[in-house]
Amino acid sequence: EVLFREQGVVWGPIPTMDRVMADPQMQANSVFAELDHPQLGSLPTVNNPLNVDGFEKAKPQLAPAIGQHSIEILRELGYAESAIEELLQQSGSI
């Protein structure tokens with residue numbers, strides 16, 4: 001600390017994540033939100049940083065699981081149901 005001051009270095013402590021999340025200012029500004037994960041339970045995440053009067057913030061959502069939307073995407077791309085079934089069988093997803 002003394003060495004930094006002597007050299008004119010601007011510095012400050014870097015808090016741990018648990019301290020950042022417990023900070024009253026962070027809580028008052030709703031900086032963090034909780035996600036409900038099906039296997040891991042409640043997970044903290046960074047909330048949407050925008051606050052607009054008259055609008056409720058959209059709650060953050062989990063990222064999709066690998067392959068979660070594959071069938072919908074293949075349908076949108078024009079794949080026939082039989083081709084989708086074959087791809088799923090080849091990948092071991094069935």
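**Exercise 1. Decide whether Leu 87 is buried, partly exposed or exposed in this predicted model, and describe its surroundings.**

Step 1. The relative accessibility of Leu 87 is 35%. Because buried means under 20% and exposed means over 50%, Leu 87 counts as partly exposed.

Step 2. Turning to the secondary structure, we find Leu 87 in helix H5, which covers residues 81-91.

Step 3. When the neighbours within four places in sequence are left aside, Leu 87 is in contact with Leu 74 and Tyr 79. Val 20, in contrast, stands 67 residues away along the chain, and its C-alpha atom is separated from that of Leu 87 by 46 Å.

**Exercise 2. Work out which residues Phe 32 touches, and state where Phe 32 lies.**

Step 1. Phe 32 has its place in strand S1, and with a relative accessibility of 22% this residue counts as partly exposed.

Step 2. Not counting residues up to four places away in sequence, Phe 32 touches Met 17, Val 20, Met 21 and Met 26, together with Thr 45, Val 46 and Asn 47.

Step 3. For a residue at a distance, take Gly 92, which is 60 residues from Phe 32 in sequence and 38 Å from it in space, C-alpha to C-alpha.

**Exercise 3. Find the aromatic pair and classify it by the angle of its planes.**

Step 1. A pair of aromatic rings is described by the distance of the centres and the angle of the planes. The count for this structure comes to one aromatic pair.

Step 2. The pair consists of Phe 4 and Trp 11, whose ring centres are 5.9 Å apart and whose planes stand at 45 degrees, so the pair is tilted. The reasoning rests on two cut-offs, because planes under 30 degrees apart would count as stacked and those over 60 as edge-to-face.

Step 3. Phe 4 is partly exposed, with a relative accessible area of 39%, and Trp 11 is also partly exposed, at 41%.

Step 4. Trp 11 lies in the loop between helix H1 (2-7) and helix H2 (17-22), where it touches Glu 1 and Phe 4 if residues up to four places away in sequence are not counted. The C-alpha atom of Trp 11 is separated by 37 Å from that of His 37, which is 26 residues away along the chain.

**Exercise 4. Explain what is notable about the phi angle of Ser 30.**

Step 1. Most residues other than glycine have a negative phi. In Ser 30, however, phi is near 50 degrees, which is a positive value in a residue other than glycine.

Step 2. Ser 30 belongs to the loop between helix H3 (24-28) and strand S1 (32-37), and its relative accessibility of 34% makes it partly exposed.

**Exercise 5. Describe the overall architecture, and decide whether the protein is a compact globule or more spread out.**

Step 1. The protein has five helices and two strands, and along the sequence they follow the pattern α-α-α-β-β-α-α.

Step 2. The radius of gyration is 23 Å, whereas the globule rule gives 12 Å for 94 residues; the value is well over the rule, so the protein is more spread out than a compact globule.

Step 3. Taken along the principal axes, the box filled by the C-alpha atoms is roughly 75 × 40 × 25 Å.

Step 4. Of the 94 residues, 7% count as buried, and the protein exposes about 8,300 Å², of which carbon and sulfur atoms supply 57%.

Step 5. Among contacts between residues at least 6 apart in sequence, 17% join residues at least 24 apart.

Conventions. Residues numbered from 1 in each chain as written. Predicted model: local features only at pLDDT ≥ 70, side-chain atom pairs only at ≥ 80, totals over all residues. Heavy atoms only, no water. Phe/Tyr/Trp six-rings, centres within 6.5 Å; stacked < 30°, edge-to-face > 60°. Buried < 20%, exposed > 50% of the residue type's maximum accessible area, 1.4 Å probe, protein only. Helix = DSSP H or I, 4+ residues; strand = E, 2+ residues; numbered from the N terminus. Rg over C-alpha atoms; globule rule 2.2 N^0.38 Å. Contact = heavy atoms within 4.5 Å. Areas by Shrake-Rupley, 256 points an atom, 1.4 Å probe, with all protein chains shown as cover.
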